[in-house]
Amino acid sequence: MSGHNKWSSIKHKKGAADAQRGKLFSRLARELTVAAREGGGEADTNPRLRTVIGKCKEANMPADNIQRAIKKGTGELPGVVYEEVMYEGYGQGGVALLIQALTDNKNRTTGEVRSTLNKRGGNLAGAGSVAWQFSSKGYIVVEKEKGEEETVMNIVIEAGAEDFVVEDSCYEITTEPMELERVKQALENAGVVYQSAELTMVPASTVKVEGSDAKTLLGLISALEDCEDVQNVYANFDISDELLEELSSE
């Protein structure tokens, strides 16, 4: 799956600086609060919350932070009420962008997202312009050194995975959203350590981007991700693995 998920995996693997870690914790706390508000504070009965808690543990977020964010969502502690907003836009080469935000001030967030797109050569699009190209999926990455191909494939397919793709250094596993936790659990039960596991938006088709356009596009996406209220940016670009690795090291 060459594209934004691979780019995210490369950044995840390289780790985060303290400042980036603080920003990640803040975003995860918002996700926890919204998930708990919408589905309750019990992970066993709230799949979305269970998935976010898994992301928090992967990021080594302190347990106290996790519980505090959940209690804000259930109303046990006072906290800001966040609204989930999805923006749609285009980047270099006509790449479709789906920008997910959690905000307590929609006007502020809309202005920041629009300004970032304009300054970086993108543009905001109308509702429905881009979203139809994406569908919600579970996405798991397992490094090849963590398990034999046939073994890992059998585990995830039997657990309900939708697709299993072998890349140069890893296996990419796609599931329906409701099957993500089951497939993760099957890997854990078998002692297979995964690099990352998340709910994501997968494009139906991709747009090939090369050279300077690729660098500018990744700069735009990074700038959007740096916006305070933006949680995730999904895109349908196809950039070669070699170029992604090269640009990630700059």
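Two strands count as paired if DSSP finds at least two bridges between them. I start with that because the strands here are described through their bridges, and one example is E88, whose bridge partner in strand 3 is A125. The model is predicted, so please keep that in mind throughout.

Let me take the sheet that this example belongs to. Strand 1 and strand 3 run antiparallel and are joined by three bridges. They are part of an open sheet of four strands, in the order 3-1-2-9, with antiparallel pairing. Strand 3, residues 123-125, and strand 9 are the edge strands, and each of them pairs on one side only. From one strand to the next, the twist averages 35°.

At the other end of that order, strand 2, residues 96-103, is joined to strand 9 by five bridges, and the two run antiparallel. One pair to look for is I99, with V233 as its bridge partner in strand 9.

Is strand 9 mostly buried or exposed? Six of its six residues are buried, so strand 9 is largely enclosed by the rest of the structure. Buried here means under 20% relative accessible area. Helix 8, residues 211-225, lies across strand 2 and strand 9. Its direction is at about 155° to strand 9.

Now the other sheet. This is also an open sheet of four strands, with the order 5-6-4-7 and antiparallel pairing. Strand 5, residues 163-166, and strand 7 each have a single partner strand, so one side of each is left without a neighbour in the sheet. The twist here averages 30° from one strand to the next. Helix 6, residues 149-159, packs on this sheet and touches strand 5 and strand 6. The direction of helix 6 makes about 160° with that of strand 5.

Inside the sheet, strand 4, residues 134-143, and strand 6, residues 170-175, run antiparallel, with six bridges between them. E143 is one residue to find there: its bridge partner in strand 6 is C170.

As a general reminder, strands of a sheet pair through backbone hydrogen bonds, either parallel or antiparallel.

Next, the second largest pocket. Its volume is about 480 Å³. It is lined by 22 residues, and those closest to its centre are R48, T51, S136, L199 and T200. Which elements supply at least two residues each to this lining? They are helix 3 (47-58), strand 1 (83-90), helix 7 (180-189), strand 7 (196-203) and strand 9 (230-235). Helix 3 gives the most, with six residues. Sorted by class, the lining has nine nonpolar, five polar and eight charged residues.

Strand 7, then, is an edge strand of the 5-6-4-7 sheet and also supplies residues to this pocket lining. Strand 9 is an edge strand of the 3-1-2-9 sheet, and it too is on the list of contributors.

Last, a single residue, R108. You will find R108 in helix 5, residues 106-119. R108 is partly exposed, with a relative accessible area of 35%. Leaving out residues up to four places away in sequence, R108 touches T103 and D229. How far apart are R108 and D229 in sequence and in space? They are 121 residues apart in sequence, and 9.2 Å apart in space, C-alpha to C-alpha.

Definitions and conventions:
Residues numbered from 1 in each chain as written. Predicted model: local features only at pLDDT ≥ 70, side-chain atom pairs only at ≥ 80, totals over all residues. Heavy atoms only, no water. 1 Å grid on protein atoms, 1.4 Å probe; cavity = no way out; pocket = protein on both sides within 12 Å on 5 of 7 lines; lining within 4 Å. Points joined across faces, edges and corners; volume = space filled by probe spheres on them. Nonpolar A, V, L, I, M, F, W, Y, C, P; charged D, E, K, R; others polar. Axes fitted to C-alpha atoms, helices over the stretch in contact; angles between N-to-C directions. Contact = heavy atoms within 4.5 Å. Buried < 20%, exposed > 50% of the residue type's maximum accessible area, 1.4 Å probe, protein only.
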